[in-house]
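Here is a short guided tour to read alongside the sequence and the coordinates. Keep the viewer open and follow along from one element to the next.

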Amino acid sequence: MYRVHTNHVLRAADATDMSHVADESVDLVITSPPYPMIEMWDELFTARDPAIADALADGDGDAAFERMHAQLDDVWDEVARVLAPGGIVCVNVGDAVRSFDDGFRQFPNHARVIEAFDDRGLRSLPDILWRKPTNRLTKFMGSGMLPPSAYVTLEHEYVLVFRKGEARDFPPSDPERYASAFFWEERNEWFSDLWSFTGTDQTMEATATDDRERSAAFPLELPLRLVRMYSTYGDTVLDPFAGTGTTTLAAMHAGRDSVGYELDADLVEGFDERTTDLPTRSRRRTRQRLERHRSFVADRDPDYEAVHYDVPVVTQQERQIRLYAVTDVARATVGADEDGDVAAERAVPDGQGVEGSHGDERPHGEAYDETRTDCRSVRYRLSHTPLDELDESDADHG
Ligand SMILES: C[S@@+](CC[C@H](N)C(=O)[O-])C[C@H]1O[C@@H](n2cnc3c(N)ncnc32)[C@H](O)[C@@H]1O
């Protein structure tokens with residue numbers, strides 16, 4: 001049976017030094033940093049720069065805001081270095097509201113992050129508002145029912161989108177790019193500038209609610225859409241603020257290689273749980289994607305036929321779509337333990353991407369230097385099988 005492989009690395013390390021990742025080797029970055037001026041992250045920012053505690057205590061919100069962003073800037077420097085020309089960065093961030101002695105105000109994190117990428121020469125592309133409704137009765141702030149001093153509730157976050165230079169060049173009819181196409185109706189939903197994730201995808205495979213709140217994880221649907229929108233098979237996706245590893249999981253589902261950095265070693269170790277039953281979930285998810293498309297076209301009469309599936313498609317560009325499901329997950333390596341000792345390492349075969357040639361000359365699987373094991377890391381090698389081949393050989397589907 002035809003299989004392809006992807007490699008995934010999560011490092012318990014500080015993303016201000018991503019020297020394991022080669023210059024211009026990453027095609028897509030999807031991340032959500034700790035949000036400056038949101039109290040749950042004060043401790044993390046302050047531990048790295050004690051002057052932030054003084055600024056907060058003195059009620060100097062502007063100084064604290066700027067110092068917190070200066071920490072993110074060090075990571076954005078590394079992101080700009082490792083991103084390949086034409087590569088895309090998606091940053092999920094929300095603004096903060098906070099009161100000091102001089103009153104209540106908003107701290108515009110999204111605007112400051114746009115400035116940071118602008119300063120690093122990336123261009124800002126149209127962004128997405130992710131609507132996160134809150135039902136808390138206490139959500140309204142300010143002076144009750146009396147104008148003019150009540151405050152609008154922040155029920156949205158941003159997914160900011162940046163690109164390094166011009167759009168990527170691909171050879172005409174590049175097989176990986178065409179196999180990575182999305183369906184017409186997916187394009188219409190995903191490329192809207194307002195996302196709310198109604199329906200089942202919000203909860204499917206999310207971490208438990210408590211964990212999600214504690215770790216500020218985003219739902220799997222968010223990075224999964226972005227991976228499919230902005231990368232092709234054979235690409236490498238990076239998350240420098242990996243948290244519970246949702247971007248890694250999305251890259252696994254979508255058949256792209258991935259690299260993640262996370263300061264909290266327990267979160268890195270805890271990622272393993274999220275790979276439990278991954279082949280079953282991936283198969284289900286992949287079939288559901290095709291079934292959703294089948295119901296979409298059922299009462300329409302599109303002009304084209306998909307090459308690999310017995311289903312019509314709306315445009316010529318969708319004909320070569322190929323859907324893969326994860327069929328095997330091997331945890332390949334554990335690097336240095338907490339004492340800094342390097343544990344025995346099992347050999348990981350060279351990175352091997354999905355069929356066909358890559359859009360640029362860079363060989364697959366070369367973003368990450370596998371020879372260095374100077375901190376704890378977990379590494380996975382996955383096999384993926386095209387859904388069409390899987391269904392032919394698999395009686396238990398349906
Ligand atoms: C908003 S959370 C990311 C949540 C993630 N998207 C998920 O789905 O679980 C931000 C994460 O960045 C990590 N972090 C903060 N500064 C870091 C740094 N310099 N290097 C690596 N990780 C960092 C924090 O420990 C935290 O887990």
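Let us begin with how the chain is connected: among contacts between residues at least 6 apart in sequence, 74% join residues at least 24 apart. Please keep in mind that this is a predicted model. The chain holds 12 helices and 16 strands, and 39% of its 398 residues count as buried.

**Confidence**

The average pLDDT of the chain is 87, and 81% of the residues score at least 70. Over residues 199-204 the pLDDT is below 50, and beyond near neighbours in sequence this stretch has 5 contacts in the model. Residues 336-363 also have a pLDDT below 50, and beyond near neighbours in sequence that stretch has 58 contacts in the model.

**Strand E1 and its partners**

A good place to start looking is strand E1, residues 4-11, which pairs with E16 in the antiparallel sense over 8 bridges. E1 also pairs with strand E12 (residues 257-261), here in the parallel sense and over 4 bridges.

Histidine 8 shows both pairings nicely. Its bridge partner in E16 is tyrosine 380, while in E12 the bridge partner of histidine 8 is serine 258. Valine 9 stands opposite arginine 379 in E16.

Why does E1 count as largely enclosed by the rest of the structure? The reason is that 7 of the 8 residues of E1 are buried. Strand E16, residues 377-386, is mostly covered too, with 9 of its 10 residues buried.

**The nonpolar core and helix H3**

The largest nonpolar core has 85 residues, and those with the most contacts inside it are Val26, Val29, Val89, Cys90 and Val227. Which helix gives the most to this core? That is H3, with 9 residues.

Valine 29 is a handy residue to click on. Leaving aside its neighbours within four places in sequence, valine 29 is in contact with Val79, Leu83, Val89, Cys90 and Leu238.

Within H3 (residues 61-82) you will find leucine 72. Leucine 72 counts as buried because it has 25 C-beta neighbours inside 10 Å, where 20 or more are needed. Apart from neighbours within four places in sequence, leucine 72 is in contact with Pro33 and Ala116. Leucine 72 and alanine 15 are 57 residues apart in sequence, and their C-alpha atoms are 9.5 Å apart in space.

**Helix H8**

Helix H8, residues 221-230, is mostly covered, as 9 of its 10 residues are buried. The buried residues of H8 include Leu222, Leu224, Leu226 and Val227, and also Glu221, Arg225 and Arg228. Val227 appeared above as one of the residues with the most contacts inside the largest nonpolar core.

What covers the buried residues of H8? The covering elements include the strands E2 (26-31), E3 (83-93), E6 (123-131) and E11 (236-239), together with the helices H6 (184-190) and H9 (246-254).

**Around the ligand**

The ligand has 21 residues around it, and Ala217, Phe241, Gly243, Thr244 and Thr246 come nearest. By class, this shell has 12 nonpolar, 6 polar and 3 charged residues.

**Backbone details in the loops**

Two residues have a positive phi although they are not glycines, and they are set side by side here.

| Residue | Phi | Loop | C-beta neighbours within 10 Å |
|---|---|---|---|
| Glutamate 24 | about 50 degrees | between E1 and E2 | 18, partly exposed |
| Methionine 37 | about 75 degrees | between E2 and helix H1 (42-48) | 22, buried |

The last column is easy to follow: methionine 37 is buried because 22 other C-beta atoms lie within 10 Å, whereas glutamate 24, with 18 such neighbours, counts as partly exposed.

One further backbone feature deserves a look. A cis peptide bond joins proline 147 and proline 148, with omega at about 5 degrees. Proline 148 is found in the loop between strand E7 (141-142) and strand E8 (150-151).

How values were computed:
Residues numbered from 1 in each chain as written. Predicted model: local features only at pLDDT ≥ 70, side-chain atom pairs only at ≥ 80, totals over all residues. Helix = DSSP H or I, 4+ residues; strand = E, 2+ residues; numbered from the N terminus. Buried ≥ 20, exposed ≤ 12 C-beta atoms within 10 Å, placed from the backbone. Contact = placed C-beta atoms within 7 Å. Pairing = 2+ DSSP bridges. Near = placed C-beta within 6 Å. Nonpolar A, V, L, I, M, F, W, Y, C, P; charged D, E, K, R; others polar. pLDDT = per-residue confidence, 0-100. Core = buried A, V, L, I, M, F, W, Y, C linked by C-beta atoms within 7 Å.
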